[in-house]
Structure formats: C-alpha cells, structure tokens
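Please find below a short note for your review. The points concern the ligand site and the internal space of the model.

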Amino acid sequence: MTEQRKATLRLGENTEPIEFPILSGSMGPDTIDIRTLYAKSGLFTYDPGFLSTASTKSNITFIDGDKGILLYRGYPIEQLATRCDFMEVCHLLLTGELPTDNQKQHFVNTIKSHTMLHEQLVRFYTGFRRDAHPMAVMVGVVGALSAFYHEAMDISDALHREQSAFRLIAKLPTIAAMAYKYNIGQPFIYPRNDLSYAANFLYMMFATPAEKYEPNPVIVRALDRILILHADHEQNASTSTVRLAGSSGANPFACISAGIACLWGPAHGGANEACLNMLEQIGDVSRINEYIKRAKDKTDGFRLMGFGHRVYKNFDPRAKLMRETCHEVLNEMGLHNNRLFKLALELERIALEDEYFVAKKLYPNVDFYSGIVQRALGIPTSMFTAIFAMARTVGWVAQWNEMIADPDQKIGRPRQLYTGTGHRDVPTDKINN
Ligand code: ACO
C-alpha cells in the first residue's frame, strides 16, 4: 500500500509541526486537505475569490487552464462539439456516459414529455413589467417552479432528483422563449416536440401564430454548438452558487434560480451581452485604440468585455470552437462585411497583438464569440445570457445531484477574517429609550 503523502505546516520555531493529508484526484493539481486546520491550530485560511481552493470533489468536468483543456466526463470538448449533439452531451453530464442509440431516443423522448409549462406558471409572466430583462424573468419563473414541484419531492430519492433534472432541462427553453415573447408583446408559442432541442427553442422564439416558421439548419447547428460549449464548466461562480444553495437541502428549482442570478453578472455569463453592448458603444473601427487605451488605464473602470478568464491563461478551448462557428455563420449569413462584425474581428486582432493583453494573458473568451454568433443568428442581445442559462442548466443540475448524492456532503459554511469594530457596549442611557 502506498503511504499517504502529507503536507507539514510549522507556525513558529518552537511549535510542533502540523500535518495534513495531500489528496490526489485522477488529474489536476493535488490538494491539501485542511479540514482539520482550525481544530489543530485555531487558524482559518484566507482565499477570497477561491484562487487556491478546491471547494469540492467532482467527477463531472475537468479543466487544465494552462494547457487549454476542457473535458466533460473525460471527453474533450473539441470531440463532443464536433461529434455529438446537445442531448447526447446532457445525457453524458447527467449519467456519466454517452447514450447508445436506444438510450438517446429514450432520453430525448423523456425531455420532450416535459417541455410544456403549467398554465398557471404561464400566467405568472403577466406579473412582470413588460420591459423586464429576460434574465430577471428567468430568475423569477425558474424560482417559481419550486412552488409547483415541492411538496411531493424528496431530494434524498435519486429518482426524484432525476425527474427534477429532466424538468429543468426541458422547461428552460420554454421559459426563456416566453420571457422574450412577453418582452416584445407577441403571443407565447408553445413547444413543438417534433423539433430538436435547439430547433424547438428557435421556433418558440421566432414563430408567430400568423406565419409558418421553419428553423434554418445552419442556425440550429450553431445554437446546438453554443449549448454544448456552455453546458458545464467545473466549479465556476454560478455552479458554486447552486451547490452552496443546495447544500442546505433547498428545493432544486430554487437553487437553479440562484445559479441564474449569479450567471447574470457581467463578469460571468452576462459578458456576452456586455460585449455586444461594448461593440455598439465603440461603434467604429477608428475608435478601437481609444477603448484599448481605456481598458489599460487603471483609473478607468472600463474593461474589454469578452476578454480574459480566471482559469484559462493560454487559450479557452471553447473560444477556439466558437470562433470557427462564428466564421461559418458569418459566411453563411453573408455578414462578414457587417459594421459590427468587422469591428469585432478588428478588436480581436488588435487585442491579440497588444503588449498589455499579451502580457496579462487576456485572450478572447467563449463569450466574445458567442455574442457575435448570437447576434448573427438574429438573437436579441438581451437574450444572450438567457441562452447561456439554458445551456448551463444541465451542468448545474448534474453538479447539484452529485453533491446531494455524496454521503460526505455538508452544508457549505465559509468563515471570515473579521475586520470590523471590536467589542463595545451600548451606552447605558440608550437603554429603554
Ligand atoms: N480588460 C482589461 N483588463 C483586464 C481584463 C479585461 N477584460 N480582464 C482582466 N484584466 C486585467 C485586470 O485589470 C488585472 O490587471 P492588474 O493585474 O494590473 O490588476 C489583470 O488583468 C487580472 O485581472 P483579474 O480581474 O484579477 O482576473 P480575474 O481572474 O479575477 O478575472 C475575469 C477574470 C472576471 C473574466 C476578467 O478577465 C474580466 O472581467 N473579463 C471581462 C468580463 C468577461 O469577459 N467575463 C466572461 C468570463 S467567461 C465566462 O463566464 C463564460
């Protein structure tokens, strides 16, 4: 038997060293198991932003940020994006394996049997202002699903958890498309189960009762790829939010709503929308240098949206694939000479050559290209992050399920480094005032 490796911590010259086990995963850096640190030393660790902290064990997704590797259940994202569709990737993330043909058929049929919303939930939309941002509606409506699926649900039952996963994956496109329809004042379009997952979403977004609508296969394929590339991404901010919310045993629909709220921020999934807004703000190729200068100026809060990533410091493998799709779609739609797209491609070129961006390893991330692709597909900017949420739901629910099934699971409860006022007494003349 190999001996357990240990890390030794010495807090001072005359103190006894404290040992901690070193844990090895199947890939990636080893981790020091510091769970007993406080009991042994009275000290906490300080790692805001989790720069060096593994918050959990997981079997689902592996990232090597230096090498630009992303694996779902061991399979490289490049292979999944080119050889599989989103439904197969959902099956993989949820169960650990790609489906056989029969399993796929069964899975797809199961998802299709859950695409509709309860009519009372459909009426819930009318409570929102008509100009509400689709992400605000998504947070509300997905949270409200918990009111429909709560009493009868037992999260300790694996079948109940599986059922919640199917419902979430199936209903998110319907919820997102209805958020859009509500915003533009068109009637809701109910799902069509003869279409694929991506085609059905486009149908619910763009069809009207007045005209026939058949989704363009190029657009369907591009959207399917966006969904695959965004399906999971290890312990990112929104996934960690879902896990933390779920660690108390909360309703899974409410937990996913918490994940959607986190994803909305411009430093996370909101970046694709923020990136397109930035391109509109720059407006013309002649103004790129002005904005690059602003992005480098520490006194200016402006950042180049769609550039940089916490984990990928060489390249984002998803960005590489999305870049390919971006060129395919721009060619197919005859949009290479469109003002905004020319601006985006020129910004990409200049930033990739700029010393500041090169030195800080700030490359275009997946959201830079996915924003451009979605704009080319005719998807309104305000829907970009909602589509990201649709894609990431499978990742969130797979991670939530893994956590709940883990017998060692505990409620997440970080500690802090307190920097406020020390103990003080309320003046006695305040008593009974
Ligand atoms: N434009 C200009 N400068 C930047 C940018 C940017 N987009 N991103 C990082 N920097 C600079 C920072 O100012 C900082 O400089 P300093 O070292 O001189 O202080 C340095 O690069 C490191 O930046 P941090 O913010 O410390 O890096 P962190 O890993 O915490 O943040 C993040 C990563 C949030 C993605 C950041 O790069 C960013 O804000 N990018 C723009 C938003 C974006 O595109 N987000 C999408 C992420 S991908 C996703 O969610 C799918």
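Which atom of the ligand does a polar side-chain atom of Asn-365 lie 2.9 Å from?

1. The model is a predicted one. In it, the partner of the polar side-chain atom of Asn-365 is an oxygen atom of the ligand, at 2.9 Å.

2. Two lysines make comparable approaches. The side chain of Lys-298 places an N or O atom 2.9 Å from an oxygen atom of the ligand. For Lys-360, a polar side-chain atom is found 2.9 Å from a ligand oxygen atom. The protein buries 75% of the 930 Å² that the ligand exposes when taken alone.

3. The surroundings of the ligand comprise 21 residues. Lys-298 and Lys-360 are among the closest of these, together with Arg-303, Leu-304 and Gly-306. By class, the shell contains ten nonpolar, six charged and five polar residues.

4. As to internal space, the structure has one cavity of 30 Å³ or more. The volume of the largest cavity is about 40 Å³.

5. Which residues line the largest cavity? Asn-365, whose side chain has the ligand contact described in point 1, is one of them. The lining also includes Gly-308, His-309, Tyr-312 and Asp-316, as well as Lys-361, Tyr-363 and Pro-364. Three of the lining residues are nonpolar, three are polar and two are charged.

6. In summary, Asn-365 belongs to the lining of the largest cavity and has a polar side-chain atom 2.9 Å from an oxygen atom of the ligand.

Technical notes
Residues are numbered from 1 along each chain as its sequence is written. This is a predicted model: local features need pLDDT of at least 70, side-chain atom pairs count only at pLDDT 80 or more; totals for chains, interfaces and linings use all residues. Side-chain values use heavy atoms; hydrogens and water are left out. A residue is near a molecule or strand if one of its heavy atoms lies within 4 Å of it. A polar contact is a pair of N or O atoms within 3.5 Å; within protein, one must be able to donate a hydrogen and the other to accept it, and residues adjacent in sequence count only if both atoms are side-chain atoms. Accessible areas come from the Shrake-Rupley method with a 1.4 Å probe; for residues, only the protein chains shown count as cover. Ala, Val, Leu, Ile, Met, Phe, Trp, Tyr, Cys and Pro count as nonpolar, Asp, Glu, Lys and Arg as charged, and the others, Gly among them, as polar. On a 1 Å grid over the protein atoms alone, a cavity is a set of points where a 1.4 Å probe fits but cannot get out, and a pocket is an open set with protein on both sides within 12 Å along at least five of seven lines; lining residues have an atom within 4 Å of a point. Grid points are joined across faces, edges and corners, and a volume is the space filled by probe spheres set on the points.
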